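I am opening a notebook page on a structure that is new to me, and I want to write down what I looked up, step by step.

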Amino acid sequence: MENDLTLDLLAPLERAEIVHVDWSALAPDEGKRLRAMGIDAGARVAIAHRGIFVGKDPIALMVGRMNVAIRRVHARAMTVRLV
Amino acid sequence: MTRLRTAALVGNPNAGKSALFNALTGARQKIANYPGVTVERKAGRMFLPSGEPVELIDLPGSYSLDPASPDEEVTRQVVQGDFPGEPVPDVLVVVVDAANLEQHLVFAQELIALGRPTVVALNMVDMAERDGLVLDADALSAALGVPVISTVAVRKRGIEALVEAMGDAEKQDLSARHEVAGQSLPERRLAARNMTRGAILSEDSKHRLHAKLDKVLLHPWLGPPILFALLFIIFQAVFAWATPFADALDGGITALIGLVEGAMPAGVVRDFITEGVLTGVGSVVVFLPQIVILFAFILAMEQSGYMARAAFIMDRLMAYVGLSGRSFIPLLSSFACAIPGIMATRSIADPKDRLTTILVAPLMTCSARLPVYAVIIAAFIPATTVGPGIGLQGLVLFGLYVAGIVGAMVAALVLRRTVAKGGASGFIMEMPRYQMPPLRDMAIGLWQRAWVFLRRAGTIIFIATIALWVLLSFPKAEPGESQIDASIAGHVADGMHVILSPIGFNREISLAIIPAMAAREVAVSALATTYAVEGADEEEEAQGLIPRLQAGWSLPTALAFLAWFVFAPQCISTIAVAKRETNGWKWPIFMLVYLFGAAYVFAGLTYWSAVALGL
């Protein structure tokens, strides 16, 4: 695959656009919640903060004017491209 | 007769719905549960400009009509008229956050498309302006096809105009609404973006206060110490500030008992009122100051937006035992009392996460354990120091707290892999902007929570104490026989003693833990009663409890008793609240069995090791 950059690999404040989300990797209700929050293909996002413990989990994601805490497993299911 | 009109506040979480609800209804609110689900139904009375009363309900915050949690399911059913016994609201008041318009308009469009009389409250316009965003409500109204009123709920700005628009809402022409019905989520999202752009008068992104605060509060090295310092202050406050109030309440109850004893002839009825009702209900009411102080901190943390950050910081640690940051708040509350803690689990969307949190919440050292720990530690642990400034007694108390936390973590780990097995629990949580907690909303919230606690705990403990009082008071003792020995509870204690003697419990302990089912700290007064009753003369009765314990108990027995109280679910109110919150008896019974099992095993291990060590 030509683009395998996933959201969890972004450096803080690096701007990116979500190009694909592997919904099958997420629980149905979680996928629904993420989509309802606008975290979906086409969304412009950036990582604002990361946790300090192992795996730097969770992730505070900036989407629009909102900050949303998600886990790294969610971020790993999202392919992004830098913008 | 015309029926009472109804209106509903509906919108995204963090849109300021509750503040708007408070501004519209004042303190005239009723909190109950929707039947069959543990979702809170908040209703209040407001008046239209015509003077007509309207019942306003505050629906749970939702992101869409496609529900992802029980709360959202209730919102969907009510606005679509599918909720049995709940009338379809005559007017929908869609609350949107002006500073997060693009996101909130997505759900707003879905609600408008329902084709019902609708008013949009463009809320928190002051916060948006603080962030450098000025919006045109009229342009937004033209784009949405419904009235849009700018409001600042916490300052009561725009409330009159909103009420007026609600009064006129039923004259709205609904025919045009169907155009937007059936749009897909991406279509609504695109429309939301365009509408937001069309409504912006000026935008300047300089003053992003929350980003600056987050830089400090979510800083990898500063964030956790700040959180722990705050928790330390909360603990200090809960245990130190509450004492004078709790003592005053205790004194008041004692005075009341004295008053009743003076005013009524001796007999079963007087005993029932003094020993049963006043003593029993009083034993819960004395926790009110602690609970109010704890709630004040929790409300301030929630309303300021910091609670979501605390959950963010704690999430990873909670993830180790299969929980998420959302469990942090209920478990924190449980240090004061498991009852509000278990009630606070409603914010956890994942049912398995929520169940696990409910099941481990009683392991957090609640304040009712403190009197028990204090008496036993004072009697059996020498007041020596084990290092500079570290007292042995304090160390043992600290150890008991840690034992509870470790016990809860291990229990959560096991439960998540067995009875509460489920997919990896996620953690998706919007982090709201920071704001000063509005005092009025804090006061209303505090009053409501305190009242809910008193009512729930009060009614349950009322019934439980009556039952226990009956068990302890009947049948009446023959002359020369002690009342407790003669009572039903005394006979039960004889039976229990057979089971409890292997773990070092004497008959007095077996007896004391029966009334302590009402509330843990009752164990202290029950022990005092037991020893006093058995005293041959007044002098012996007057002897304090501590020397009696020192004379009657071995150290291994005392340590086993402490270990027992770390685990034992000695609180009927907690069990009853767990029953309510899990909608049945299955889980509270499970909770009783596993916690009493753990209490037995750990008290036994403590006793046997202490004996083996020759203590």
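Entry 1, the interface as a whole. I began with the area shared by the two chains, and found that chain B and chain A bury about 3100 Å² between them, with 57% of it on carbon and sulfur atoms. I keep in mind that this is a predicted model. On the side of chain B, I noted that B:F312, B:R316 and B:I428 lose the most area to chain A, and that together they make up 22% of what that side buries. I then looked up the residues that take part, and the contact draws 39 residues from chain B and 27 residues from chain A.

Entry 2, polar and charged links. I found four salt bridges between chain B and chain A, and I wrote down one of them, in which A:K32 is joined to B:D66 with the closest N and O atoms 3.3 Å apart. For polar contacts between chain B and chain A, the count is 11 residue pairs, both residues being at pLDDT 80 or more.

Entry 3, the elements that chain B brings. I listed α7 (185-199), α8 (209-217), α12 (306-319) and β12 (429-431) of chain B, each of which supplies at least two residues of the side that touches chain A. Of the elements of chain B, α12(B) gives the most to this side, with six residues. Sorting the residues of the side of chain B that touches chain A, I obtained 21 nonpolar, seven polar and 11 charged.

Entry 4, a pairing of strands across the chains. I saw that strand β4 (residues 66-70) of chain A pairs with β12(B) in the antiparallel sense, over three bridges. Within this pairing I looked up A:A69, whose bridge partner in β12(B) is B:M429.

Entry 5, two residues of chain B. Is B:E110 buried or exposed? B:E110 belongs to helix α3 (residues 101-112) of chain B, and it counts as buried because its relative accessibility is 15%, under the cut-off of 20%. Leaving out residues up to four places away in sequence, I found that B:E110 touches B:S64, B:L65, B:D66 and B:R188; B:D66 is also the partner of A:K32 in the salt bridge noted above.

I next turned to B:M127, which lies in helix α4 (residues 125-130) of chain B and is buried, with a relative accessible area of 8%. With residues up to four places away in sequence again left out, B:M127 touches B:R433, B:Y434 and B:Q435. I also noted that the C-alpha atoms of B:M127 and B:D97 are separated by 9.0 Å, these residues being 30 residues apart along the chain.

Terms used:
Residues are numbered from 1 along each chain as its sequence is written. Chains are lettered from A and ligands numbered from 1 in the order in which they are written. This is a predicted model: local features need pLDDT of at least 70, side-chain atom pairs count only at pLDDT 80 or more; totals for chains, interfaces and linings use all residues. Side-chain values use heavy atoms; hydrogens and water are left out. Contact means heavy atoms within 4.5 Å. Buried area is the accessible area (1.4 Å probe) that two parts lose on being put together, summed over both. A salt bridge is a side-chain nitrogen of Lys or Arg within 4 Å of a carboxyl oxygen of Asp or Glu. A polar contact is a pair of N or O atoms within 3.5 Å; within protein, one must be able to donate a hydrogen and the other to accept it, and residues adjacent in sequence count only if both atoms are side-chain atoms. Helices (H or I, at least four residues) and strands (E, at least two) are DSSP runs, numbered from the N terminus. Ala, Val, Leu, Ile, Met, Phe, Trp, Tyr, Cys and Pro count as nonpolar, Asp, Glu, Lys and Arg as charged, and the others, Gly among them, as polar. Two strands pair if DSSP finds at least two bridges between them. Buried means under 20% relative accessible area, exposed over 50%, partly exposed in between (1.4 Å probe, protein chains only).
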